[in-house]
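Here are some exercises to work through with the sequence and the model open side by side. Try each task before you read its solution.

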Amino acid sequence: MKKNPTVEVIVPAYNEEHNIKEIIDSVLSQKTNNFTLSKIRVYSDASIDLTNKIVRSCSTKNSCIFLSVNRTRIGKYATISNAFKESSGEILVVLDADIGLVGKQFLEKLVKEITSDPKAVLVSSHQVMIRPTGFVGRIIYTNFVLWSYVRLSFPNFHFPGNFQGGATAYRRSFAKSLKIPSKLSDPHLYIYL
């Protein structure tokens, strides 16, 4: 019988006291039929709010939750680079702290793309903006929706604009080979290319 791959979830966070417990709870409530959740690692990038305290509280209730704290801010992608070096899961999932996971099979679907295709090294989820009610918000939302129609029309979705950083999964061997430069204007494009 084939063993399920281990998945390590990485959550870069800076002052996410209002979101961090929700994303941790959401990850813990996910179905894990096609993988084994080994760790949830929150990387606090010198947060000055209650983020660290909340994560520590969560870690006392669940031994798979870990907190790493940067003493000075280094930025999201430097934090992710460090996380990739330290990670041991076969598949590494990076989740922004301020996103919502849709459904209990979100992680299963994300991970399945990598486990079902030996050539796949990274997967990105499709982000959906919450529909706003204000006039300016509706204009921005309309632009977002139109751009989604364009970028999702590419065959097999192979287009750099489809690699968005809110929820991504990486094969560990690929993630460990990445050296993300610190002063990039578009780290997603760099990783994709």
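## Exercise 1: Lay out the sheet

E1 and E4 pair in the parallel sense over four bridges. Keep in mind that this is a predicted model.

**Task.** Find the bridge partner of Glu 8 in E4, then work out the order of the strands in the open sheet.

**Solution.**
- Step 1. Start at Glu 8: its bridge partner in E4 is Leu 92.
- Step 2. Now go to the neighbour E2, which runs parallel to E1 and is joined to it by eight bridges. One contact point to look up is Ala 13, whose bridge partner in E2 is Ser 44.
- Step 3. Follow the chain between those two strands: it goes from E1 through H1 to E2, and this β-α-β crossover is right-handed.
- Step 4. Put the whole open sheet together. Its six strands come in the order E3-E2-E1-E4-E6-E5, and the pairing is mixed.
- Step 5. Check the ends: E3 (65-70) and E5 (122-124) are the edge strands, each pairing on one side only. From one strand to the next, the twist averages 20°.

## Exercise 2: Trace the whole chain

**Task.** How many helices and strands does the protein chain have, and what pattern do they follow along the sequence?

**Solution.**
- Step 1. Count the elements: seven helices and six strands.
- Step 2. Read along the sequence and you get β-α-β-α-β-α-β-α-β-α-β-α-α.
- Step 3. Look at how far apart the contacting residues are. Taking contacts between residues at least 6 apart in sequence, 77% join residues at least 24 apart.
- Step 4. Finish with the surface. The chain exposes about 11,200 Å², with carbon and sulfur atoms supplying 56% of it, and 39% of the 193 residues count as buried.

## Exercise 3: Find the core

**Task.** Which residues of the largest nonpolar core touch the most other members, and which helix gives the most to this core?

**Solution.**
- Step 1. The largest nonpolar core holds 28 residues, and those touching the most other members are Val 9, Val 11, Ile 20, Ile 24, Val 93 and Leu 95.
- Step 2. Next, see where the core comes from. The elements giving two or more residues are the strands E1 (6-13), E2 (36-45), E4 (91-95) and E6 (167-171), along with the helices H1 (20-28), H2 (51-61) and H4 (106-116).
- Step 3. H4 is the top contributor to this core, with five residues.
- Step 4. Don't miss the other one: a second, separate core has 14 residues, including Tyr 77, Ala 83, Leu 92 and Val 94.
- Step 5. Zoom in on Val 9. Leaving out residues up to four places away in sequence, Val 9 touches Val 27, Leu 37, Lys 39, Ile 40, Arg 41, Val 93, Leu 95 and Leu 107.
- Step 6. Step back to the strand: seven of the eight residues of E1 are buried, so E1 is largely enclosed by the rest of the structure.

## Exercise 4: See what covers H4

**Task.** Which residues of H4 are buried, and what covers them?

**Solution.**
- Step 1. Pick out the buried residues of H4: Phe 106, Leu 107, Glu 108, Leu 110, Val 111 and Ile 114. Notice that Glu 108 is on that list.
- Step 2. Look at the cover over these residues, which includes E1, H1, E4, E5 and E6.

## Exercise 5: Compare two loop residues

**Task.** Are Asn 15 and Ala 46 buried or partly exposed?

**Solution.**
- Step 1. Place them: Asn 15 is in the loop between E1 and H1, and Ala 46 is in the loop between E2 and H2.
- Step 2. Check the backbone. Asn 15 isn't glycine but has a positive phi, near 50°; for Ala 46, also a residue other than glycine, phi is near 60°.
- Step 3. Apply the cut-off: buried means under 20% relative accessible area. Asn 15, at 26%, counts as partly exposed, while Ala 46, at 13%, counts as buried.

## Exercise 6: Visit an edge strand

**Task.** Which residues does Ser 68 contact, leaving aside its neighbours within four places in sequence?

**Solution.**
- Step 1. Locate Ser 68 in strand E3. Its relative accessible area is 21%, so Ser 68 is partly exposed.
- Step 2. List the contacts: Val 42, Tyr 43, Ser 44 and Glu 86.
- Step 3. Take Val 42 as an example. Ser 68 and Val 42 are 26 residues apart along the chain, yet their C-alpha atoms are separated by 6.3 Å.

Technical notes. Residues numbered from 1 in each chain as written. Predicted model: local features only at pLDDT ≥ 70, side-chain atom pairs only at ≥ 80, totals over all residues. Heavy atoms only, no water. Core = buried A, V, L, I, M, F, W, Y, C linked by side-chain atoms within 4.5 Å. Buried < 20%, exposed > 50% of the residue type's maximum accessible area, 1.4 Å probe, protein only. Contact = heavy atoms within 4.5 Å. Pairing = 2+ DSSP bridges. Axes fitted to C-alpha atoms, helices over the stretch in contact; angles between N-to-C directions. Areas by Shrake-Rupley, 256 points an atom, 1.4 Å probe, with all protein chains shown as cover. Right-handed = clockwise from strand over helix to strand, strands pointing away.
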